Amino acid sequence: MQYLSTRGGIQPVPFTKAVMMGLAEDGGLLLPRTIPRIDSQTLASWKGLSYAELAFEVMSRFIDDIPVSDLKNLINRSYAAFDAEDVVPLVHCGNLHILELFHGPTLAFKDVALQFLGNLFEYLLAKSGEVLNILGATSGDTGSAAIYGVRGKDRIRIFILHPHKRVSPVQEKQMTSIMDDNVFNIAIHGSFDDGQAIVKQIFSDIEFKTALSLGAINSINWARVLAQVVYYVHSCLHVSCHENDGTLAFSVPTGNFGDIFAGYIAKRMLPEGCIRQLVLATNANDILSRFVNKGDYSLGQVVQTSSPSMDIQAASNFERYLFYLVDQEPQRVAKLMAEFAATGRIDLSSHLDQIRRDFTATAVSEEEVLATIAKIYNEYDYILDPHTAVGVKAALDLQKPGIPMVCLATAHPAKFGAAVERAIGRPPTFPESLTGILERESRCEIMDADADKIRDYLRKNALYR
């Protein structure tokens, strides 16, 4: 399988090179040349597989330059770190299915991809003898999951930018209390979008990127998206086996468009009708819901909410979907992204029919988030975190009769205890892994949102060949 840039400026590369490249050298994002199709017979043959076995079946369709035994070992090691037997269990709340994606080391859905990616990086570096300096920006959960994925690993250093005092206290401590020598946390004065812009600017400096052996671990890395495709397929198989229903819908709380884009890839892979509906749910930062409903992809002011991982305006993975929306024409993608960089807006209203075939969308207010947490707790004795509540509220509003709905539960509620307590009158129970976390020692640099200052910090602290 070869990988191409959404902007068409690089020669095709194999999977392992795409992983190490992260962001394409022309500033675009990497995508497989083709999306493999899974027929009904093949899908049916996957019933009864363990999650790791299913992950191999899905991922191996996109990876042909890692030996089968090595790929199986990487996958098995990655999902052994989860505390649920089936890795991502589905639970019922009335007529909704809640897909619990928070059973990994940092209690967030990002672990599903980043445990795999961390092991993959270590494997590839051991073979090549190279080193890697990972640079990423986080709106909350990616940072800690990335750090836990590579902490203590040879040949790797990781530098994570997060918006100072704009993530939850638990999220902050999960990042900054990791004392491994290869972990560097940077809190910037500004928003997540400021941090992401710095990361993209630095990655676009090819000479600097090459000199420092920079790599990406956030959702601009294709391996992240690929690992997330698996749990959509897993959900389809689970519902088919337990409810004898061959079609279902998903509600996905999203800020960076990565999680729901994985659903879009799964929808294109699977037999027609398996995934009937993809509900895109945003909080008050509604650039993506405005895009789906009006064709208006335009920057607004970042609003702080109780779901900080979604407090985003410029969505990192939007360009991947844009590539398909404009018929896989990289020159059009490059032109549109240049227009967005210059003006902060793209008018895609002429594509509304296609967009609405692919997604339905809504924005959920803070009041609705808290009311939804309270509703589900009162009716089912089940506690949602505020991000998951965004998706559940959207599901309740947009679910189509007769079609099972899976809501992606993206984080353990204990990571957002203050919001939960406001909603239900008591804090959620802390799992053992978070006990005492707020009292742990921290290590973090606080810096201006200045790309040149971040470059200087990287130069001083990077690992060199």
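What volume does the second largest pocket have? The second largest pocket has about 450 Å³, where a pocket is an open set of points on a 1 Å grid over the protein atoms alone that fits a 1.4 Å probe, with protein on both sides within 12 Å along at least five of seven lines. The model is predicted, with local features needing pLDDT of at least 70 and side-chain atom pairs pLDDT 80 or more, while totals for chains, interfaces and linings use all residues. Residues are numbered from 1 along each chain as its sequence is written, and side-chain values use heavy atoms, without hydrogens and water.

**Second largest pocket**
- Its lining (residues with an atom within 4 Å of a point) holds 22 residues, and Y264, K267, R268, Q354 and D358 lie nearest the centre.
- Elements giving two or more residues to this lining are α11 (258–269), β11 (275–282), α13 and α15 (352–358).
- By class, the lining of the second largest pocket has 9 nonpolar, 4 polar and 9 charged residues.

**Largest pocket**
- The largest pocket encloses about 570 Å³.
- Among its 24 lining residues, A197, K200, A314, F340 and A341 are closest to the centre.
- Helix α8 contributes the most to this lining, with 6 residues.

**S298**
- S298 lies in strand β12 (residues 296–298), a strand being a DSSP run of E with at least two residues.
- S298 is buried (under 20% relative accessible area, 1.4 Å probe, protein chains only), at 10%.
- Its side chain makes polar contacts (N or O atoms within 3.5 Å, one able to donate a hydrogen and the other to accept it) of 2.9 Å with the side chain of R290 and of 2.9 Å with that of D296.

Notes
Helix = DSSP H or I, 4+ residues; strand = E, 2+ residues; numbered from the N terminus. Buried < 20%, exposed > 50% of the residue type's maximum accessible area, 1.4 Å probe, protein only. Points joined across faces, edges and corners; volume = space filled by probe spheres on them. Nonpolar A, V, L, I, M, F, W, Y, C, P; charged D, E, K, R; others polar.
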